[in-house]
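Here are a few exercises to work through with the model open beside you. Try each one yourself before you read the solution.

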Amino acid sequence: MEILTTTAQMQQASRQHRKAGKRIGFVPTMGALHEGHLVLVDAAKERSDLVVMSIFVNPSQFGPGEDFSQYPRDLEKDHRMAEGRGVDLLFHPGVEDVYPSGDQTMVVVTELTRGLCGPFRPGHFRGVATVVAKLFNIVEPDVAVFGEKDYQQLTMVRRMVHDLRWNMEIEGVPTLREPSGLAMSSRNQYLSEGEKRDAESIYAALQEAQVLLKKGVREISQLVQAAKKVLVRSGSIQLEYLEIVDPTTLTPLERVDRPARILTAVRLNGKRLIDNAPLIP
Ligand code: AMP
């Protein structure tokens with residue numbers, strides 16, 4: 001595995017491989033890798049000849065008072081894990097390289113970022129769209145792979161690629177979970193064992209909605225109410241939102257008569273956790 005630390009190196013490498021006829025797969029991450037990231041590598045390998053992974057903790061997607069400086073970083077372990085899974089090029093640029101002083105341009109995807117996590121993390125999606133756009137231009141992938149774990153992000157990136165006429169595919173990969181159902185996340189490192197147990201009610205809540213749906217309940221209000229009840233069973237969980245929306249537009253629905261998506265964000269002793277799942281009638 002080759003490690004590249006500047007955008008110039010990355011651009012050059014990518015162009016060389018493209019010239020040699022290679023199809024490039026790209027997996028953007030913020031590091032602190034876990035198995036949930038590595039299944040994205042597997043998906044990228046299936047769809048390309050050469051896999052580029054980026055590790056970049058993007059300052060512009062963290063709000064004031066969020067965990068940018070405390071975000072877990074373990075580059076040595078990340079290198080081992082990426083190499084072990086067959087990443088070909090690991091791109092790890094510095095902040096000044098990605099955001100040179102004088103930069104003035106941000107990318108905003110409007111409608112899709114208004115709801116759900118949007119109001120709770122002002123500026124977050126603008127930061128994500130901007131860094132993903134920069135990374136796409138640096139890496140020039142044929143296919144980029146994102147996790148459904150960050151479903152609103154995945155939907156936003158699909159829209160951005162469509163709207164800006166980028167000639168690449170976006171592939172979404174289902175969320176990888178712990179045996180308990182807890183969605184794998186770099187931020188799970190912040191949780192104590194007790195908090196991890198409490199956090200199990202997040203996925204249990206999403207499943208409750210699916211179980212009721214299978215029993216014939218179609219009204220969103222009923223499904224949401226039942227899921228919220230499971231969620232707050234553990235007293236330490238504070239709800240930010242729990243919504244059932246159209247899986248493409250992310251707009252609210254009244255009934256689940258066709259495939260939908262249930263998404264939630266909670267705080268557990270101040271730590272923010274998100275999860276989502278498909279709802280198939
Ligand atoms: P992050 O490093 O948290 O920014 O995540 C990088 C990519 O990995 C994003 O596309 C995430 O959606 C994806 N990802 C993170 N956790 C998981 C998971 N448990 N299952 C699948 N994909 C994930």
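**Exercise 1. Find the accessible surface of the chain and the share of it that belongs to carbon and sulfur atoms.**

Start with the total: this predicted model has an accessible surface of about 13,300 Å². Next, split it by atom: carbon and sulfur atoms account for 49% of that area. Now turn to the residues: 52% of the 281 in the chain are buried.

**Exercise 2. Check the radius of gyration against what a compact globule would have.**

First, get the expected value: for 281 residues, a compact globule would come out near 19 Å. Then look at the chain, which has 19 Å, so the two agree. For the dimensions, the C-alpha trace spans about 55 × 40 × 35 Å along its principal axes. The secondary structure adds up to eight helices and nine strands. Finally, take the contacts between residues at least 6 apart in sequence: 72% of them join residues at least 24 apart.

**Exercise 3. Work out which residues touch the most other members of the largest nonpolar core.**

Begin with the general idea: in soluble globular proteins, nonpolar side chains tend to be buried together. Here the largest nonpolar core holds 42 residues, and Val 52, Phe 136 and Ile 170 touch the most other members. Helix 5 (residues 124–139) gives the largest share of this core, ten residues. Apart from this core there's another, of 28 residues, including Ala 209, Leu 223, Val 230 and Ala 277.

Now zoom in on Ile 170. Skip its neighbours within four places in sequence, and its contacts are Phe 136, Ala 144, Phe 146, Leu 154, Val 157, Arg 158 and Val 161.

**Exercise 4. Classify the pair formed by the rings of Phe 136 and Trp 166.**

Recall that a pair of aromatic rings is described by the distance of the centres and the angle of the planes. The model has seven aromatic pairs. For Phe 136 and Trp 166, the centres are 5.5 Å apart and the planes stand at 90°, so you'd call the pair edge-to-face. Next, place the partners: Phe 136 is in helix 5, while Trp 166 is in the loop between helix 6 (151–163) and strand 6 (169–173), so the pair ties together parts 30 residues apart in sequence. Both residues are buried. Last, follow the ring pairs onward: they link Phe 26, Phe 136, Phe 146 and Trp 166 into a cluster.

**Exercise 5. Find the ring that the charged end of Arg 177 sits over.**

Go to Tyr 203: the charged end of Arg 177 sits over its ring, 3.7 Å from the centre. Then try Arg 73, whose charged end sits over the ring of Phe 68, 5.1 Å from the centre.

Key: Residues are numbered from 1 along each chain as its sequence is written. This is a predicted model: local features need pLDDT of at least 70, side-chain atom pairs count only at pLDDT 80 or more; totals for chains, interfaces and linings use all residues. Side-chain values use heavy atoms; hydrogens and water are left out. A nonpolar core is a set of buried Ala, Val, Leu, Ile, Met, Phe, Trp, Tyr and Cys residues joined through side-chain atoms within 4.5 Å. Buried means under 20% relative accessible area, exposed over 50%, partly exposed in between (1.4 Å probe, protein chains only). Helices (H or I, at least four residues) and strands (E, at least two) are DSSP runs, numbered from the N terminus. Contact means heavy atoms within 4.5 Å. Rings of Phe, Tyr and Trp (its six-membered ring) pair if their centres lie within 6.5 Å; planes under 30 degrees apart count as stacked, over 60 as edge-to-face and the rest as tilted. A charge sits over a ring if NZ of Lys or CZ of Arg is within 6 Å of the ring centre and within 35 degrees of the ring normal. The radius of gyration is taken over C-alpha atoms; the globule rule is 2.2 Å times the number of residues to the power 0.38. Accessible areas come from the Shrake-Rupley method with a 1.4 Å probe; for residues, only the protein chains shown count as cover.
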